[in-house]
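Hi,

Here is the structure I promised to pass on to you. Have a look at it first, and then read on for what turned up.

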Amino acid sequence: MTNESLQWLLLVIAMFGILIILFEKSHAVKDFGIWAGRFIHTKRQALTGTAILGVIIFLDDYLNNLAVGTTMKGITDRLRIPRTQLAYVVNCVAAPVCILIPLSSWAVYFATLLESEGVTVGGTGMGAYLKAMPLTFYAWLMVIMVFLHALGLFPKLGAIKRDALRAEQTGDVFPVGGGVEAVDPEFKEEELPEGYKAHPWNFLLPLIVMIAVTLLCGSEVLYGSMAGVVTAAILYLAQRKMKFKEFLSYCFDGVMSMGFVLVLSVLAFAVQSANTDLGLANFIIEITTPIMKGAFLPAVVFLVCGVYAYATGCFWDLAAIILPLVVPLANAMGVDPILASAAVFSGAAFGSNTCLYGDGVIMCAQGCEIKSIDLMFATLPYACISGGITFILYLICGFVM
């Protein structure tokens, strides 16, 4: 609990919980769904729209995982798209897009790590990161696969195929066993009066303010989420959608609705801390060092980082721990350190997409109201395909470059 990153994460989760409950109680999500429903009439349009929205909200994977699922689940439910398929699209765009767009929190962090290790282009770590971006093969492959899947050009696999058949036949969009407890279990759907006019700006404006403030504050998602809550409060109180006392009550309910995620996040950081104290990273590096030779280095680095990230839930920590080992190793073996660093970033993205108790999977599952384990099993077939191709590409690049 003394970990500053954990404290920051808990505050961000609490802010998103408040924002989500305000969206629900003010009918902002419903209004946006009614408005967007005018343009979205097919499953292909809904899934493609979800992926595009994920690309637009590129600032941070936390913001992406929570906001996109919350926004689109009403539309996808109406079209009988299973929640596992929605969550897969949201989750597998979030971290990869954050790696591929240099304005994101991931890019800024990784560029700082590169500069601290002396890997620069034009005198800056960001220059090196821009050169590494085309080589982060896993991120590119996963985003391409998501869009192909959304367009119906890549088949449904595993859990998604099973859930899609059941959703089409019965209308039940949740996985077998049901989803997690709803964000607001006491919230009842109200019948809309005849001639009701949907106002999408009640949803879009807080989201736009959140993204703008996050950008202006140097990709600080906490400030952005707080600004989004303040904007929503001003809008909804001014329109008399809720009283001030109700607003405060909803804020409390929003934090409590994220209780499961808050506790799981604390436990996840505890596991990460234990792994660090036990020296797990150094142990893995020691047993793999004998096979890290020359052209095999980038592929082995990706494999080790992917397995480590999947097993431990460490993504940013992974880069901070492994880059100081990989860069000197690459220089000693005559391997391009930028290529080796790109393999680390790809491994971190693979772990973020697949780790059962990783923060990205936990928050995406909460936003889509399913269990983390259901999201993991839905994602694994696609992540393993992308990961396998990525391994081969790093093997080829290791020999060519």
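Let me start with a pair of side chains: those of Glu369 and Lys73 are joined by a polar contact of 2.8 Å. Please keep in mind throughout that this is a predicted model.

Glu369 has a few other points worth a look. Its place is in the loop between α18 and α19. Is Glu369 buried or exposed? With a relative accessible area of 9%, Glu369 falls under the 20% cut-off, so this loop residue counts as buried. The backbone of Glu369 also stands out, with a positive phi of about 60 degrees although the residue is not a glycine. If you want a sense of distance across the model, the C-alpha atoms of Glu369 and Tyr223 are separated by 25 Å, and these two residues are 146 places apart along the chain.

Arg240 is another residue with a positive phi that is not a glycine; its value is near 60 degrees. Arg240 sits in the loop between α11 (221–238) and α12 (244–257). Here the accessibility comes out at 77%, so Arg240 counts as exposed, whereas Glu369 is buried.

Next, the helix α18 (residues 359–368), where you will find Gln366. This residue is buried, at a relative accessible area of 6%. What does the side chain of Gln366 have within reach? One of its polar atoms lies 3.3 Å from the backbone oxygen of Ser257.

A similar kind of arrangement involves Asn65, which belongs to helix α4 (residues 61–78). A polar atom of the Asn65 side chain lies 3.4 Å from the backbone oxygen of Gly360. Asn65 is buried, with a relative accessible area of 1%. Setting aside neighbours within four places in sequence, Asn65 is in contact with Val90, Asn91, Ala94, Gly360, Met363 and Cys364.

Now for helix packing. Two packed helices are described by the angle between their axes and the distance between the axes. For helix α5 (residues 83–100) and helix α8 (residues 137–150), the angle is about 145 degrees and the axes are 9 Å apart. The crossing of α5 past α8 is left-handed. On the α5 side, the residues that meet α8 are Gln85, Tyr88, Val89, Cys92, Val93, Pro96, Val97, Ile99 and Leu100. Facing them from α8 are Ala139, Trp140, Met142, Val143, Met145, Val146 and His149. What is the make-up of this contact between α5 and α8? It has 14 nonpolar residues, two polar ones and no charged ones.

On to the aromatic residues, where the whole structure yields 12 pairs. One that I would open in your viewer is Tyr88 with Tyr382: the ring centres are 4.3 Å apart and the planes are at 25 degrees, so the pair is stacked. Tyr88 belongs to helix α5 and Tyr382 to helix α19 (residues 372–400), so the pair ties together parts that are 294 residues apart in sequence. Tyr88 is buried, at 0% relative accessibility, and Tyr382 is buried too, with a relative accessible area of 0%. Tyr88 is also one of the α5 residues that meet α8.

There is an aromatic cluster as well, formed by Trp106, Phe110, Tyr129 and Phe345. Tyr129 brings us to helix α7 (residues 125–132), whose buried residues are Gly125, Gly127, Ala128, Tyr129 and Ala132. At the start of α7, a side-chain oxygen of Thr124 comes to within 3.0 Å of the backbone nitrogen of Gly127.

Last on my list is Phe203, in helix α10 (residues 201–216). At 2% relative accessibility, this residue counts as buried. Which residues does Phe203 touch, leaving out those up to four places away in sequence? They are Phe23, Ala28, Val29, Phe32 and Thr71. The C-alpha atoms of Phe203 and Leu19 are separated by 10.0 Å, with their positions 184 residues apart along the chain.

Happy viewing, and best wishes!

Definitions and conventions
Residues are numbered from 1 along each chain as its sequence is written. This is a predicted model: local features need pLDDT of at least 70, side-chain atom pairs count only at pLDDT 80 or more; totals for chains, interfaces and linings use all residues. Side-chain values use heavy atoms; hydrogens and water are left out. Axes are lines fitted to C-alpha atoms, for helices over the stretch in contact, and angles run from 0 to 180 degrees between N-to-C directions. Helices (H or I, at least four residues) and strands (E, at least two) are DSSP runs, numbered from the N terminus. A crossing is left-handed if the near helix is turned anticlockwise from the far one by less than a right angle, and right-handed if clockwise. Contact means heavy atoms within 4.5 Å. Ala, Val, Leu, Ile, Met, Phe, Trp, Tyr, Cys and Pro count as nonpolar, Asp, Glu, Lys and Arg as charged, and the others, Gly among them, as polar. Rings of Phe, Tyr and Trp (its six-membered ring) pair if their centres lie within 6.5 Å; planes under 30 degrees apart count as stacked, over 60 as edge-to-face and the rest as tilted. Buried means under 20% relative accessible area, exposed over 50%, partly exposed in between (1.4 Å probe, protein chains only). A polar contact is a pair of N or O atoms within 3.5 Å; within protein, one must be able to donate a hydrogen and the other to accept it, and residues adjacent in sequence count only if both atoms are side-chain atoms.
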